[in-house]
Amino acid sequence: MVEIIKHLFESETFALAATLGLFLIFEQVYQKLKTPLLNPVLLTIITLIVVLIYVDVPYTTFKKNTHMIHFMLGPSVVALGVLLYEQLHTIGKNAIAILTATFLGSVAGVVSVILIAKLFGADYELIASMAPKSVTTPIAMGVSAQNGGIPSMTAVFVIIVGILGASVGPLVLEKVGIKKPLAKGLAMGSCAHGIGTAAAIQIGMIEGAISGLSIGLMGIFTALTTPILLDIFF
């Protein structure tokens, strides 16, 4: 049976179908139970990791056979422009608040990592790798590389933060009494980038649009502030 499953995963069609099928199954579970910890992205990743390790399928093989999912990330990000266009009036009225919140969010995100990591004795290379954890992967890896970090390690931190934010973010916002769609969208996009935006869209269209906008703004502000903040603390 293990050999059969391993052989199936060497097929692009099966690898894509298995990945998308697992996500759809866990999405249905999430919609019925509405438990943040049952985030479909998180469960799909965990399940795939367990299966691939068990049947001994190299990650390079799986990545090659599911390249279409990676390719679709580009069009999906561009599609967020539709949501932004529909919310231009809201964005225009709150432009200063949005810019202020994302700027402060980028500073808080980097400073918190530096302080906590230094408290636990982390070296500069690890801290530089973790600092841009709250922005989308391509930007985070670029910022990490330019500031002496390890881009591959940064990518892992970004994924972990995104999944964690998407899983518990809505629950945290509810518990602390955040009710305004604008605030929810800014929080999800600023802390959990693309995966958080996917969760924000499930909350509402305004939340999803603002979250998508904050991804870009967080990327810009984090790229500008990270080297300055690292210089200050080191």
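A nonpolar core is a set of buried Ala, Val, Leu, Ile, Met, Phe, Trp, Tyr and Cys residues joined through side-chain atoms within 4.5 Å. Buried means under 20% relative accessible area, exposed over 50%, and partly exposed in between, with a 1.4 Å probe and protein chains only.

The model is predicted: local features need pLDDT of at least 70, side-chain atom pairs count only at pLDDT 80 or more, and totals for chains, interfaces and linings use all residues. Residues are numbered from 1 along each chain as its sequence is written, and side-chain values use heavy atoms, with hydrogens and water left out.

**Exercise 1. State the secondary structure of the chain and judge its overall dimensions**.

Step 1. Helices (H or I, at least four residues) and strands (E, at least two) are DSSP runs, numbered from the N terminus. The chain has 13 helices and 0 strands.

Step 2. The radius of gyration is taken over C-alpha atoms, and the globule rule is 2.2 Å times the number of residues to the power 0.38. For 234 residues a compact globule would have a value near 17 Å; the chain has 19 Å, which agrees.

Step 3. Along the principal axes, the C-alpha atoms fill a box of roughly 55 × 40 × 30 Å. Of the 234 residues, 38% are buried.

**Exercise 2. Find the residues of the largest nonpolar core and the helices that supply them**.

Step 1. This core has 9 residues: Val110, Val111, Ile114, Ala117, Ile127, Ala128, Ala131, Leu229 and Leu230.

Step 2. At least two core residues come from each of helix 8 (95-119), helix 9 (124-130) and helix 13 (205-233). Helix 8 gives the largest share, 4 residues.

Step 3. A second, separate core has 8 residues, among them Phe9, Leu48, Leu52 and Val55.

Step 4. Contact means heavy atoms within 4.5 Å. Not counting residues up to four places away in sequence, Ala117 touches Ala122 and Ile127.

**Exercise 3. Decide whether Leu217 is buried or exposed, and list its contacts**.

Step 1. Leu217 is placed in helix 13.

Step 2. Leu217 counts as buried because its relative accessibility is 15%.

Step 3. Neighbours within four places in sequence aside, Leu217 is in contact with Ile98, Leu99 and Thr102.

Step 4. Gly189 is 28 residues from Leu217 along the chain, and their C-alpha atoms are separated by 9.5 Å.
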